[in-house]
Amino acid sequence: MLYNIQKSSSKNDEELAEDVLKTSLIRIRLRLLSIKFVKKGDIIMKFTIMKKILFLAIGGLLSLSLNAQSVDQQVKTIQSGDTLILGEASADGYTHLDFPKANFIIKQGGIVDYKSLEGQPVVVRKVINPGVLSASAIVERADGKKFFGVRPSVKVALREAMTSGEITAQ
């Protein structure tokens, strides 16, 4: 549009300046309108994203609290003689089962293999602080063998081990 105005030599300088001013004002108005529109859209988009994040966070907290309540009920009902199942170990081994470090097991002639323990049933021999959330237990293998061929029993932090999936109730 500006190119056409400059090409027409029949208009005098005042009319040319007026046309340039009008076109520049129109362009400025369009830019301002588009900026306002984008900002409103961004605000609406941010609000909907925040609403979704808040909804997911509340849902996650509710599911964690429900899971914690069921685990707490299971921990309170565990007694000596109950059978539990060992779950998967993390990369560093079991964190809530009190196994000695790998070098001590190897020095005593044992073989450290956490994968062989997955799914093994264990029997609770003694519950320490029963009915309390910080309860722990002494467990032995149900088949009578020693853990890693060295340890006959292991201490377990029941609540932490159950929430992490290292132990499940049968």
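Strand β4 of this predicted model has a covered face, made up of Val154 and Val156, and an uncovered face, made up of Ser153, Lys155 and Ala157. The structure is a predicted model, in which local features need pLDDT of at least 70 and side-chain atom pairs count only at pLDDT 80 or more, whereas totals for chains, interfaces and linings use all residues. Residues are numbered from 1 along each chain as its sequence is written, and side-chain values use heavy atoms, with hydrogens and water left out.

The protein chain comprises four helices and five strands, where helices (H or I, at least four residues) and strands (E, at least two) are DSSP runs numbered from the N terminus. Read from the N terminus, these elements follow the order α-α-β-α-β-β-β-α-β. Of the 170 residues in the protein chain, 23% are buried; buried denotes under 20% relative accessible area, exposed over 50%, and partly exposed the range in between, with a 1.4 Å probe and protein chains only.

The five strands are arranged as an open sheet in the order β4-β3-β2-β1-β5, with antiparallel pairing; two strands are taken to pair if DSSP finds at least two bridges between them. The edges are occupied by β4 (153-157) and β5 (167-169), each of which pairs on one side only. Neighbouring strands of the sheet are turned by 40° against each other on average, direction ignored, the axes being lines fitted to C-alpha atoms (for helices over the stretch in contact) and the angles running from 0 to 180 degrees between N-to-C directions. In general, strands of a sheet pair through backbone hydrogen bonds, either parallel or antiparallel.

Starting from the β5 edge, strand β1 (residues 83-86) and β5 are joined in the antiparallel sense over three bridges, and Leu84 has Ala169 as its bridge partner in β5. Strand β1 also pairs with strand β2 (residues 121-128), again antiparallel and over three bridges, and here the bridge partner of Leu84 in β2 is Val122. Six antiparallel bridges connect β2 with strand β3 (residues 136-141), with Val123 standing opposite Glu140 in β3. The pairing of β3 with β4 is likewise antiparallel and extends over five bridges; within this pairing, Ala137 stands opposite Val156 of β4, a residue that belongs to the covered face of that strand.

Two salt bridges were counted, under the criterion that a side-chain nitrogen of Lys or Arg lies within 4 Å of a carboxyl oxygen of Asp or Glu. In one of them, the side chains of Arg125 and Glu140 meet at 2.8 Å, N to O, and this pair links distant parts of the chain, given that Arg125 belongs to strand β2 and Glu140 to strand β3, 15 residues apart. Arg125 counts as partly exposed because its relative accessibility is 45%, and Glu140 is likewise partly exposed, at 27%. In the other, Asp143 is joined to Arg141, with the closest N and O atoms 3.1 Å apart. Asp143 is partly exposed at 42% relative accessibility, whereas Arg141 is buried, with a relative accessible area of 12%.

Six aromatic pairs were counted, rings of Phe, Tyr and Trp (its six-membered ring) being paired if their centres lie within 6.5 Å, with planes under 30 degrees apart classed as stacked, over 60 as edge-to-face and the rest as tilted. Tyr94 and Tyr114 form an edge-to-face pair, at 5.9 Å centre to centre and with 70° between the planes. This pair links distant parts of the chain, with Tyr94 in the loop between β1 and α3 (102-107) and Tyr114 in the loop between α3 and β2, 20 residues apart. Tyr94 is buried, at a relative accessible area of 7%. Both tyrosines belong to one aromatic cluster, formed by Tyr94, Phe99, Tyr114, Phe147 and Phe148. Within this cluster, Phe148 is located in the loop between β3 and β4 and counts as buried because its relative accessibility is 8%. The backbone of Phe148 adopts a positive phi of about 60°, although the residue is not a glycine.

On the surface, Leu21, Leu25 and Ile28 form a nonpolar patch with about 270 Å² of accessible area together. Patches are made of residues with over 30% relative accessible area and no salt bridge, like charges being joined within 9 Å and nonpolar side chains (Val, Leu, Ile, Met, Phe, Trp, Tyr) within 5 Å, and accessible areas come from the Shrake-Rupley method with a 1.4 Å probe, only the protein chains shown counting as cover for residues. Ile28 lies in helix α2 (residues 13-77) and is partly exposed, at 45% relative accessibility.
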